[in-house]
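Here are my notes for someone opening this model for the first time. Have the sequence and the 3D view side by side as you read.

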Amino acid sequence: MTSQLSQPPASAGRYLSWAAIAFAIGWGVHVLDHLRRGMSASPHAIMVGGMIQGVFVVVAIAMAITGRRRAPEAAIVVGFGSAVLFTYAHLLPSYFPAYQDSFISPPHINVTWLSWSSAIAEIGSGIVFAIAGLRARRRPA
């Protein structure tokens, strides 16, 4: 006799909410690191882009936590988009210095282990948030 354990239908939604909280923490630590490093440590375009991205992050997290219908799509776009943009901005060598705050290429002002940890935490939690969005999107209606 075989018995199957089924997951409750809300498990994907719960996973999305927890992933949103993890992403909020990763993003928040990264923001605190930027404040610690000083506002002049990053190019102007990075600061403006980060503020715009912050609005999208807050909206997507709020949508996921409150269980909005379009929350999975917002999680996918914001999660993967943040991971790609932050990888470009911080982890790659500077190709366009006005649009990057590279931790690899000079001048990398006030970059410490906390900077690296916060960037990796945000990138990783963004990917987890996007995967949670994909998972929630596949759940039966």
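1. Start with Phe 103, which is buried at 5% relative accessibility, since the cut-off for buried is under 20%. Bear in mind as you look around that this is a predicted model.

2. Its ring partner is less hidden away: Trp 116 comes out at 31% relative accessibility, so it counts as partly exposed. The ring centres of Phe 103 and Trp 116 are 5.5 Å apart with the planes at 65°, which makes the pair edge-to-face. Phe 103 belongs to the loop between helix H3 (71-91) and H4, whereas Trp 116 is in helix H4, so the pair ties together parts 13 residues apart in sequence.

3. Stay in that loop for a moment, because Ser 102 is also found between H3 and H4. Ser 102 is buried, at 4% relative accessible area. Its side chain reaches the backbone nitrogen of Ser 105 at 3.0 Å. Leaving aside residues up to four places away in sequence, Ser 102 touches Ala 89, His 90, Leu 92, Pro 93, Ser 94 and His 108.

4. How many aromatic pairs are there? The count comes to two, and the one not yet discussed joins Phe 23 and Phe 129, a stacked pair at 5.2 Å centre to centre with 20° between the planes. Here distant parts of the chain are linked: Phe 23 sits in helix H1 (residues 11-37) and Phe 129 in helix H4 (residues 113-138), 106 residues apart.

5. Are the two rings of that stacked pair buried or exposed? Phe 23 is buried, with a relative accessible area of 0%, and Phe 129 is buried at 0% too.

6. Next, have a look at Ser 125, which has its place in helix H4 and is buried at 9% relative accessible area. Not counting residues up to four places away in sequence, Ser 125 touches Ala 22, Phe 23 and Gly 26. A polar atom of the Ser 125 side chain also lies 3.3 Å from the backbone oxygen of Glu 122. As for Asn 110, it is 15 residues from Ser 125 in sequence and 23 Å away in space, C-alpha to C-alpha.

7. One last thing to find in the viewer: what lies over the face of Tyr 15? That would be Arg 135, at 4.7 Å from the ring centre.

Technical notes:
Residues numbered from 1 in each chain as written. Predicted model: local features only at pLDDT ≥ 70, side-chain atom pairs only at ≥ 80, totals over all residues. Heavy atoms only, no water. Phe/Tyr/Trp six-rings, centres within 6.5 Å; stacked < 30°, edge-to-face > 60°. Helix = DSSP H or I, 4+ residues; strand = E, 2+ residues; numbered from the N terminus. Buried < 20%, exposed > 50% of the residue type's maximum accessible area, 1.4 Å probe, protein only. Lys NZ or Arg CZ within 6 Å of the ring centre and 35° of its normal. Polar contact = N/O pair within 3.5 Å; in protein donor to acceptor, adjacent residues only side chain to side chain. Contact = heavy atoms within 4.5 Å.
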